[in-house]
Every structure is written in structure tokens, then in C-alpha cells.
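Hi,

Here is the structure I promised to pass on. Have a look at it first, and my notes follow underneath.

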Amino acid sequence: MIKKKYNVSVEATLEVIGGKWKCIILCHLTHGLKRTSELKRLIPDITQKMLTQQLRELEEDGIINRIVYNQVPPKVEYQLSEYGQSLKAILDSLSAWGECHIVKVLGNKHDVLEENIFNK
């Protein structure tokens with residue numbers, strides 16, 4: 001087995017949570033269990049295919065848990081794993097920086113941030 005080498009350790013982090021959607025999905029999961037349909041509603045610009053792909057990748061990396069209920073119709077929920085919980089501080093820092101950036105560049109954050117649990 002060939003071991004991967006990284007130039008800087010942040011590469012390993014970005015390999016797991018990088019891209020447009022993973023951090024957004026993870027931010028929503030910091031607020032508890034979510035079904036796929038809930039995540040789709042909370043992230044309207046993501047396609048169903050992309051949401052499914054990102055959830056699978058996060059599950060493979062051990063960041064989230066997929067909980068399948070044996071019922072009809074099928075019910076599946078996602079939550080941060082214990083390992084995924086360790087990303088909360090990173091996600092909070094990214095959110096805080098993004099808010100500061102919005103204020104610096106655009107002025108009033110309330111003009112550009114959607115009303116939701118994150119932006120109160």
C-alpha cells in the first residue's frame with residue numbers, strides 16, 4: 001500500500017471536508033439529526049445526486065453516521081459521528097470568518113444572509 005504524502009496538513013482536512021457542499025451539510029448536522037429531505041430543503045441549491053454523493057463520502061470518512069430505520073416507507077437519518085463532532089470548532093471558525101468577510105465586503109450581513117438558525 002502506497003501512503004499518501006501531504007505538503008501541509010490542511011490538505012488532509014480539505015480532502016475530507018473540502019468542496020462547496022460538505023461544510024454546509026456538516027453545519028446543518030451540528031444542530032442534530034437530519035433526514036435527506038430536510039437537508040435538501042435546508043440547502044435548496046444542491047442537487048439530490050450531489051447531496052447523496054456528499055453524504056456517502058462523509059459517511060465513508062467516518063464524519064457522519066447513517067441511521068437506517070427498518071420501516072415502511074424507509075427512513076434514513078444522518079448525524080455527526082463522534083469523530084465528526086471534532087470538526088465543530090473548525091465549522092464555527094469558518095462561519096465566524098465568513099460573517100466578518102461579508103460585513104467587510106458588503107456592509108450589512110442581514111442584507112445577504114438568509115434567515116435561519118445560523119444567522120440570528
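To start with one residue: is Cys-23 buried or exposed? Cys-23 is buried, with a relative accessible area of 18%. The cut-off for buried is under 20%, so Cys-23 falls on the buried side. Please keep in mind throughout that this is a predicted model.

You will probably wonder about disulfides next. How many does a search of the whole structure find? The answer is zero. For Cys-23, the closest cysteine sulfur is the one in Cys-27, and at 6.5 Å that is too far for a bond. To count as a disulfide, the two sulfur atoms would have to be within 2.5 Å, so this pair does not qualify. Cys-27 is likewise in no disulfide, its nearest cysteine sulfur being that of Cys-23. Cys-27 is buried too, at a relative accessible area of 14%.

Both cysteines are among the buried residues of helix 2. That helix runs over residues 22–29 and is mostly covered, with seven of its eight residues buried. The others on the buried list are Lys-22, Ile-25, Leu-26, His-28 and Leu-29.

Now the overall layout. The chain has six helices and three strands, and along the sequence they come in the pattern α-α-β-α-α-β-β-α-α. Measuring along the principal axes, the C-alpha atoms fill a box of roughly 50 × 45 × 25 Å. Of the 120 residues, 25% count as buried. The accessible surface is about 8,700 Å², and carbon and sulfur atoms account for 54% of that. If you take the contacts between residues at least 6 apart in sequence, 44% of them join residues at least 24 apart. On the charge side, there are 17 positive and 15 negative side chains, with the centres of the two sets 3 Å apart.

Then there is the sheet. What order do the strands take? The three strands form an open sheet in the order 1-3-2, with antiparallel pairing. Strand 1 (34–35) and strand 2 are at the edges with a single partner strand each, so each has one side without a neighbour in the sheet.

Strand 2 (residues 64–69) pairs with strand 3 (residues 75–80) over six bridges. If you want to check the register, Val-68 stands opposite Val-76, and Asn-65 faces Gln-79. The two strands make a hairpin with five residues between them. Pro-73 sits in that loop, and here is a detail to look for: the peptide bond from Val-72 to Pro-73 is cis, with omega near -5°.

One more residue to click on is Arg-66, in strand 2. How exposed is Arg-66? Arg-66 counts as partly exposed, at 40% relative accessibility. Leaving out residues up to four places away in sequence, Arg-66 touches Glu-59, Val-76, Glu-77 and Tyr-78. Arg-66 and Tyr-78 are 12 residues apart along the chain, yet their C-alpha atoms are separated by 4.8 Å.

That is what I have for now.

Cheers

Conventions. Residues numbered from 1 in each chain as written. Predicted model: local features only at pLDDT ≥ 70, side-chain atom pairs only at ≥ 80, totals over all residues. Heavy atoms only, no water. Helix = DSSP H or I, 4+ residues; strand = E, 2+ residues; numbered from the N terminus. Buried < 20%, exposed > 50% of the residue type's maximum accessible area, 1.4 Å probe, protein only. Contact = heavy atoms within 4.5 Å. Areas by Shrake-Rupley, 256 points an atom, 1.4 Å probe, with all protein chains shown as cover. Lys, Arg positive; Asp, Glu negative; His and termini not counted. Charge placed at Lys NZ, Arg CZ, Asp CG, Glu CD. Pairing = 2+ DSSP bridges.
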